[in-house]
Amino acid sequence: MTANILIADDDPIQRRLLTEMIRRSGYQPEAVEGGAAALERLTAPGLPKIDLLVLDLVMPDLDGMAVLERIAKDGIAVPVIVQTSNGSIETVISAMRAGAGDFVVKPVGLERLQVSIKNALQLSAMAGEIRHISKRNSGALTFRDLATRSPDMERVIRLGERVAKSAIPVLLEGESGVGKEVVARAIQGAGERRGRPFVTVNCGAIPPNLIESILFGHEKGAFTGATERHIGKFVEAHGGTLFLDEVGELPLDAQVKLLRAIQEGEVDPVGGRKSVKVDIRLISATNKNLIEAVKQGNFREDLYYRLNVFPIGIPPLRRRREDIPDLARRFLARFAAEEGRPIRAIAAEAVALLQSFDWPGNVRQLENAVFRAVVLCDGPELTVADFPQIAAHVEGFDVRIPPIVSAPLPPEPQQEIVHVAVSDPNAMTLLDGSGDVRKLDEIEGETIKFAINHYRGQMSKVARKLGIGRSTLYRKLKDLGMAEDDILEVTGEVAGESWLSDGPGHAA
């Protein structure tokens, strides 16, 4: 499903013309006869979300300026393009001050309308992404910021809004990348702990020997390397929310200590003399079937029932394909701004491609795919050609990248070719003159001579680099019949200082 565009115009001919142009541009048009009907449609529950309003300024019942004022007053987040037969500067300025994002003069051409729509949707997506990031960082993200068109996600939002008002433990279940942390932040933002600390712990990324210290803290000198006091994640989240991501990855011994901390509302820092009281809202998340882990003995049953008080299952992206266009536009707006690329939109065919893919990596994979497409794109909008890896897995969207064909080089003049064999002076041959493999003691002796020469007769270092003891090295030298004079000859030393100071019976 692509963007839904609402047309508000009292002229039936203009409504038909705009409807056809918007449909030809790859969007889903919907038309109403006046301003009052437009406001009613924008606020109607249970109907598809309107992504853009094309609003006539002159209408009999409620004109465009009055509609803009009501939209601003009621906080309706929808971009607006106004259209008028009067293109005066005063009219344009008045509409822009009232909240319009762009304007067109009747009769508008197809190309001008397409540019205006793309710009409006891009600005709307950018504003939504900035608002989302800002609220996320301040702990004020709510479920209103998780706009969705999916019935499955609307159920998640309804459950989240109910549970946000209480302190009941929540377990978020879903595949990796579906957005469990975003839902957890919305639960906090919609509850009494809004704006307070939100501390995330990825339980699968903590080394087993550091779990207790990271969760519950430690005192200075409690163990080797504890050079300063650490308060731990539980204390860090005091007064706010502790989000235990991938909680099913915790080892069993850590599960016991976590269970006590949840039951008692206090933690025991490593090396501490007394317990520390904590007040937290606990939200856990897992991509595993925890009840199966309990049956297999990999997860404590008592901890499972402590965490699984209010479970919420988050559907994978393939079950909420209606959300893909909005998500893709938001990611495009962010990455285009970060990369400094003038990309305004995603082509309708590309949106259809993204909605046809199953997304095993869910929202995280979609985000990375859009990022890659922004880097690849050379035009003003993303097309199917910018998603070659996705198109290769969807029937009917195969993208063939033409091979690079270079101009033929002119024929070179005939020259005599001389082959020069270059050999490494340090290379060791394993075959003798007759083509047979050399004896092992010959190869070993040659290796030892090379090592002594390479390390300038430092026998301790020679033995260490060869991986043998010094006594073993001297025994092999004796077996090979290499005396002190031979060593001095190999190293090229006149006085043999390193040999004399390193040999058996001498000080090392």
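Reader: In what order do the five strands of the open sheet stand?
Author: This is a predicted model. Its open sheet has five strands, and their pairing is parallel. The strand order is β2-β1-β3-β4-β5.

Reader: Which strands stand at the edges of this sheet, each with a single partner strand?
Author: An edge strand has one side without a neighbour in the sheet, because it has a single partner strand. Two strands fit that description, one at residues 28-32 and one at 102-105. They are β2 and β5.

Reader: By how many degrees are neighbouring strands of this sheet turned against each other on average?
Author: The strands of the sheet pair in parallel. Neighbours are still turned against each other. With direction ignored, the average turn is 20°.

Reader: Which residue in β5 is the bridge partner of V82?
Author: Strand β4 spans residues 80-84. It pairs with β5 in the parallel sense, over four bridges. In β5, the bridge partner of V82 is F103.

Reader: What angle does the direction of helix α1 make with that of β2?
Author: Helix α1 covers residues 12-24 and packs on the sheet. It touches β1, β2, β3 and β4. Its direction and that of β2 make an angle of about 165°.

Reader: Which strands does helix α3 touch?
Author: Helix α3, residues 64-74, also packs on the sheet. Its direction makes about 145° with that of one strand it touches, β3. The strands touched by α3 are β3 and β4.

Reader: Is L52 buried or exposed?
Author: L52 sits in strand β3. Its contacts, leaving out residues up to four places away in sequence, include I5, L6, V80, I117 and L121. Buried means under 20% relative accessible area. L52 has 0% relative accessibility, so it counts as buried.

Reader: How many Å apart in space are L52 and I81, C-alpha to C-alpha?
Author: In sequence, 29 residues separate L52 and I81. The two residues also touch. From C-alpha to C-alpha, the distance is 7.7 Å.

Reader: Which side chain makes a polar contact with the side chain of D51 at 2.4 Å?
Author: D51 lies in the loop between α2 and β3. At 7% relative accessibility, D51 counts as buried. A polar atom of its side chain lies 2.8 Å from the backbone nitrogen of N4. The 2.4 Å polar contact is with the side chain of R149.

Reader: Which peptide bond is cis, with omega near -10°?
Author: Most peptide bonds are trans. This cis bond leads into P107, a residue in the loop between β5 and α5. It is the bond from K106 to P107.

Reader: What is the phi of E246?
Author: E246 is in the loop between β8 and α10. With 12% relative accessibility, E246 counts as buried. Most residues other than glycine have a negative phi. E246 has a positive phi, near 50°.

Reader: Where is N362 found?
Author: N362 has a positive phi, near 60°, and is not a glycine. Its relative accessible area is 0%, so N362 is buried. N362 is found in helix α15.

Reader: How many Å does helix α15 reach from its first C-alpha to its last?
Author: Helix α15 runs over residues 362-376, which makes 15 residues. At 1.5 Å a residue, 21 Å is expected, and the reach is close to that. The helix reaches 21 Å.

Reader: What arc do the buried residues of α15 cover around the axis?
Author: Among the buried residues of α15 are V363, L366, V370 and V374. The buried residues pack against α13, α14 and β14. They are on the same side of α15, because they cover an arc of only 165°.

Reader: Which residues of helix α19 are exposed on the face turned away from its buried side?
Author: In α19, residues 470-479, the buried residues are L473, Y474, K476 and L477. They cover an arc of only 160° around the axis, so they lie on the same side of α19. The face turned away carries S471, K478 and D479.

Reader: Which residue takes a positive phi just after α19?
Author: Helix α19 covers residues 470-479. Just after α19, a phi of about 75° appears. The residue is G481.

Methods:
Residues are numbered from 1 along each chain as its sequence is written. This is a predicted model: local features need pLDDT of at least 70, side-chain atom pairs count only at pLDDT 80 or more; totals for chains, interfaces and linings use all residues. Side-chain values use heavy atoms; hydrogens and water are left out. Two strands pair if DSSP finds at least two bridges between them. Axes are lines fitted to C-alpha atoms, for helices over the stretch in contact, and angles run from 0 to 180 degrees between N-to-C directions. Contact means heavy atoms within 4.5 Å. Buried means under 20% relative accessible area, exposed over 50%, partly exposed in between (1.4 Å probe, protein chains only). The arc is that of the directions from the helix axis to the C-beta atoms. The expected span of a helix is 1.5 Å times one less than its number of residues. A polar contact is a pair of N or O atoms within 3.5 Å; within protein, one must be able to donate a hydrogen and the other to accept it, and residues adjacent in sequence count only if both atoms are side-chain atoms.
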